[in-house]
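Student: I have not met this structure before, and I would like to go through it with you slowly, one question at a time. Could we start as soon as it is in front of us?

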Amino acid sequence: GGGRDGNNNDGESSEIIANQKLMEMGVRNPEELTMPLPNVSRKALEERERRALRLAEESFSHINQKASPTGQKTFDKLLKACNEVVWKGESILVLNHIKVDPPYTVESCSLVGSSGSLDDHSLERVKKIVAAAAATSS
């Protein structure tokens with residue numbers, strides 16, 4: 001007979017059940033579990049963790065709780081295009097010398113300080129991005 005009287009059916013069925021459980025957990029090939037783990041250095045892990053934290057902190061600094069959804073959308077678009085974009089209160093500062101104030105329209109873009117002839121070109125580029133952001137938010 002089979003079942004609980006000590007015959008080998010028991011071992012076989014528990015192996016089948018174990019394999020089913022592994023499949024549910026996403027393990028397609030149970031032999032993978034017996035392979036040695038790759039050698040990972042603690043230093044590399046710590047560096048990876050620091051980088052992840054730095055990136056997380058950086059992305060938090062890109063979110064302004066006080067800004068309107070339009071302001072946040074404008075900031076995100078500018079960040080994608082220019083990379084050097086920060087919040088100053090509810091205003092957006094681009095490349096350290098172009099300010100975009102609420103309500104984040106082309107008219108609310110202005111130069112702050114002056115760093116030469118590139119300013120006009122940068123200002124025009126920022127205005128185009130702001131106009132594009134405004135077009136998608138309405």
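Tutor: Let us begin with a turn, keeping in mind that this is a predicted model. Strand 1 and strand 2 form a hairpin with two residues between them, and G89 is in that turn, with a positive phi of about 65 degrees.

Student: How many bridges join strand 1 to strand 2, and which residue in strand 2 is the bridge partner of K88?

Tutor: The two strands of the hairpin run antiparallel, and four bridges join them. Among the pairs, V86 has L93 as its bridge partner in strand 2. For K88, the bridge partner in strand 2 is S91.

Student: Along strand 1, which side chains point to one face and are buried?

Tutor: The side chains of strand 1 alternate between two faces. V86 and K88 point to one of these faces and are not buried, whereas the side chains that point to the other face and are buried belong to V85 and W87.

Student: What order do the strands take in the sheet, and which are the edge strands?

Tutor: Four strands form an open sheet with antiparallel pairing, in the order 1-2-3-4. An edge strand pairs on one side only, and that is the case for strand 1 and for strand 4, which spans residues 109-111. From one strand to the next, the twist averages 25 degrees.

Student: How does the sheet fit into the pattern of the whole chain?

Tutor: The secondary structure comes to four helices and four strands. Of the 138 residues in the chain, 22% count as buried. Read along the sequence, the elements follow the pattern α-α-α-β-β-β-β-α.

Student: Which strands does helix 3 lie across, and at what angle does it run to strand 1?

Tutor: Helix 3 covers residues 69-82 and lies across strand 1, strand 2 and strand 3. The angle at which helix 3 runs to strand 1 is about 150 degrees.

Student: Is T74 buried or exposed, and which residues does it touch?

Tutor: T74 is found in helix 3. Its relative accessible area is 1%, and because buried means under 20%, T74 counts as buried. Leaving out residues up to four places away in sequence, T74 touches I92, Y104, V130 and A133.

Student: Which residues have the most contacts inside the largest nonpolar core?

Tutor: In soluble globular proteins, nonpolar side chains tend to be buried together. The largest nonpolar core here has 17 residues, and the elements that give two or more residues to this core are helix 3, strand 1, strand 2, strand 3 and helix 4. Those with the most contacts inside the core are L78, V85, I92, V94, V100 and V126.

Student: With which residues is V94 in contact, leaving aside its neighbours within four places in sequence?

Tutor: V94 is one of the core residues with the most contacts. Leaving aside those neighbours, the residues in contact with V94 are L78, C82, E84, V85, V100 and V126.

Student: What does the side chain of H97 reach, and with which side chain does it make a polar contact?

Tutor: H97 is found in the loop between strand 2 and strand 3, and because its relative accessibility is 12%, H97 counts as buried. Its side chain reaches the backbone oxygen of L95 at 2.9 Å. The polar contact, at 3.0 Å, is with the side chain of D119.

Student: What value does phi take at L95 and at Y104?

Tutor: Most residues other than glycine have a negative phi, and most peptide bonds are trans. L95, in the loop between strand 2 and strand 3, is partly exposed at 27%, while Y104, in the loop between strand 3 and strand 4, counts as buried at 3%. Both values of phi are positive: for L95 phi is about 50 degrees, and for Y104 phi is near 65 degrees.

Student: Which residues does the cis peptide bond join?

Tutor: P103 lies in the loop between strand 3 and strand 4. Omega of the cis bond is about 10 degrees, and the residues that this bond joins are P102 and P103.

Terms used. Residues are numbered from 1 along each chain as its sequence is written. This is a predicted model: local features need pLDDT of at least 70, side-chain atom pairs count only at pLDDT 80 or more; totals for chains, interfaces and linings use all residues. Side-chain values use heavy atoms; hydrogens and water are left out. A nonpolar core is a set of buried Ala, Val, Leu, Ile, Met, Phe, Trp, Tyr and Cys residues joined through side-chain atoms within 4.5 Å. Buried means under 20% relative accessible area, exposed over 50%, partly exposed in between (1.4 Å probe, protein chains only). Contact means heavy atoms within 4.5 Å. A polar contact is a pair of N or O atoms within 3.5 Å; within protein, one must be able to donate a hydrogen and the other to accept it, and residues adjacent in sequence count only if both atoms are side-chain atoms. Two strands pair if DSSP finds at least two bridges between them. Axes are lines fitted to C-alpha atoms, for helices over the stretch in contact, and angles run from 0 to 180 degrees between N-to-C directions.
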